[in-house]
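Reader: I have a model open and would like to understand the words people use for it. Could we talk through them together?

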Amino acid sequence: VRSGVRSRSKRAFEYQPPSVANAVTRYQAAASFPISWTVPITWTGTAAGSYDLQYRDGPAGAWTDWITSTTALSSTFSGGQDGHTYYFRARATTVTGAVGDWSEPVSTTVDLTPPTGSLSAQGWASNLQPMTVALAITASDATSGLSQMQFSADGQTYSDWEDYATS
């Protein structure tokens with residue numbers, strides 16, 4: 001009976017690894033960004049003693065130890081390179097030394113290069129009242145693509161964000 005209890009506890013522990021959450025967004029606009037992980041919801045009364053975290057650069061990269069034996073639930077990953085996709089995973093060790101499974105990996109891509117583009121006004125005539133101008137917009141972003149845009153006449157005050165469009 002005792003062996004069965006240990007087995008059930010071990011199975012519950014093994015199948016419920018921590019979650020790597022970090023509010024991981026698809027893209028990071030900085031080389032350093034926060035990563036967080038959470039305690040498994042149920043470990044049948046077993047407490048987490050520490051966590052190990054690993055990362056890899058790209059889907060086929062080798063897993064590298066990033067943080068080992070920590071009791072913290074967050075940290076800042078530093079040294080991300082532009083255009084690289086990083087994968088993160090975590091595992092927990094109980095206070096009694098049982099090591100859990102690795103979590104499912106989560107990924108994020110570092111995008112340090114701002115979009116490029118141009119804007120041209122068509123149909124500009126200063127004597128028209130009210131003034132009507134058609135804009136032709138071209139823009140690109142090699143890593144994350146474009147989804148929204150803003151406009152400014154003075155570089156200080158900007159319009160609300162709106163969906164990217166070429167006109």
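Reader: Gladly starting with a tryptophan: why is Trp 66 called partly exposed?

Author: Happy to help, and please keep in mind that this is a predicted model. The relative accessible area of Trp 66 is 21%. Buried means under 20% and exposed means over 50%, so Trp 66 with its 21% falls in between and is called partly exposed. Trp 66 lies in strand 5. In space, its C-alpha is 4.9 Å from that of Gln 54, although the two are 12 residues apart in sequence.

Reader: What makes strand 5 an edge strand of its sheet?

Author: Five strands form an open sheet with mixed pairing, in the order 2-8-7-4-5. Strand 2 (27–28) and strand 5 (64–70) each have a single partner strand, so one side of each has no neighbour in the sheet. They therefore stand at the edges.

Reader: How do you know that strand 4 and strand 7 pair?

Author: Two strands pair if there are at least two bridges between them. Strand 4 (residues 48–57) and strand 7 are joined by nine bridges and run antiparallel, so the criterion of at least two is met. As one example of a bridge, Ser 50 has Thr 93 of strand 7 as its partner. Asp 52 stands opposite Arg 91 in strand 7.

Reader: And what makes strand 7 and strand 8 a pair?

Author: The reasoning is similar. Four bridges join strand 7 to strand 8 (residues 106–110), in the antiparallel sense, and pairing needs at least two. One of the bridges has Thr 85 with Thr 109 of strand 8 as its partner.

Reader: Why is strand 7 described as mostly covered?

Author: Strand 7 spans residues 85–94, and eight of its 10 residues are buried. In the protein chain, buried residues make up 23% of the 167 residues.

Reader: Why is the aromatic pair of Phe 77 and Tyr 86 called tilted?

Author: A pair of rings is described by the distance of the centres and the angle of the planes. Phe 77 and Tyr 86 are 5.2 Å apart centre to centre, with 55° between the planes. The centres must lie within 6.5 Å, and planes under 30 degrees apart count as stacked, over 60 as edge-to-face. The 5.2 Å therefore makes a pair, and 55° fits neither of those two classes, so the pair is tilted. Both Phe 77 and Tyr 86 are buried. The structure holds eight aromatic pairs, and ring pairs link Phe 33, Tyr 55, Trp 66, Phe 77, Tyr 86 and Phe 88 into a cluster.

Reader: How do you know that the charged end of Arg 56 sits over the ring of Tyr 87?

Author: The charged end of Arg 56 is 5.2 Å from the centre of that ring, and the distance cut-off is 6 Å, together with a limit of 35 degrees from the ring normal. Arg 89 likewise lies over the face of Trp 63, at 4.2 Å from the ring centre.

Reader: Last one: what makes up the lining of the largest pocket, by class?

Author: Its lining has nine nonpolar, seven polar and no charged residues. The pocket has a volume of about 370 Å³ and is lined by 16 residues, with Ala 139, Gln 148, Met 149, Gln 150 and Tyr 164 nearest its centre. Strand 9 (116–122), strand 10 (134–140) and strand 11 (148–149) are the elements that give two or more residues to this lining.

Terms used:
Residues are numbered from 1 along each chain as its sequence is written. This is a predicted model: local features need pLDDT of at least 70, side-chain atom pairs count only at pLDDT 80 or more; totals for chains, interfaces and linings use all residues. Side-chain values use heavy atoms; hydrogens and water are left out. On a 1 Å grid over the protein atoms alone, a cavity is a set of points where a 1.4 Å probe fits but cannot get out, and a pocket is an open set with protein on both sides within 12 Å along at least five of seven lines; lining residues have an atom within 4 Å of a point. Grid points are joined across faces, edges and corners, and a volume is the space filled by probe spheres set on the points. Ala, Val, Leu, Ile, Met, Phe, Trp, Tyr, Cys and Pro count as nonpolar, Asp, Glu, Lys and Arg as charged, and the others, Gly among them, as polar. Buried means under 20% relative accessible area, exposed over 50%, partly exposed in between (1.4 Å probe, protein chains only). Rings of Phe, Tyr and Trp (its six-membered ring) pair if their centres lie within 6.5 Å; planes under 30 degrees apart count as stacked, over 60 as edge-to-face and the rest as tilted.
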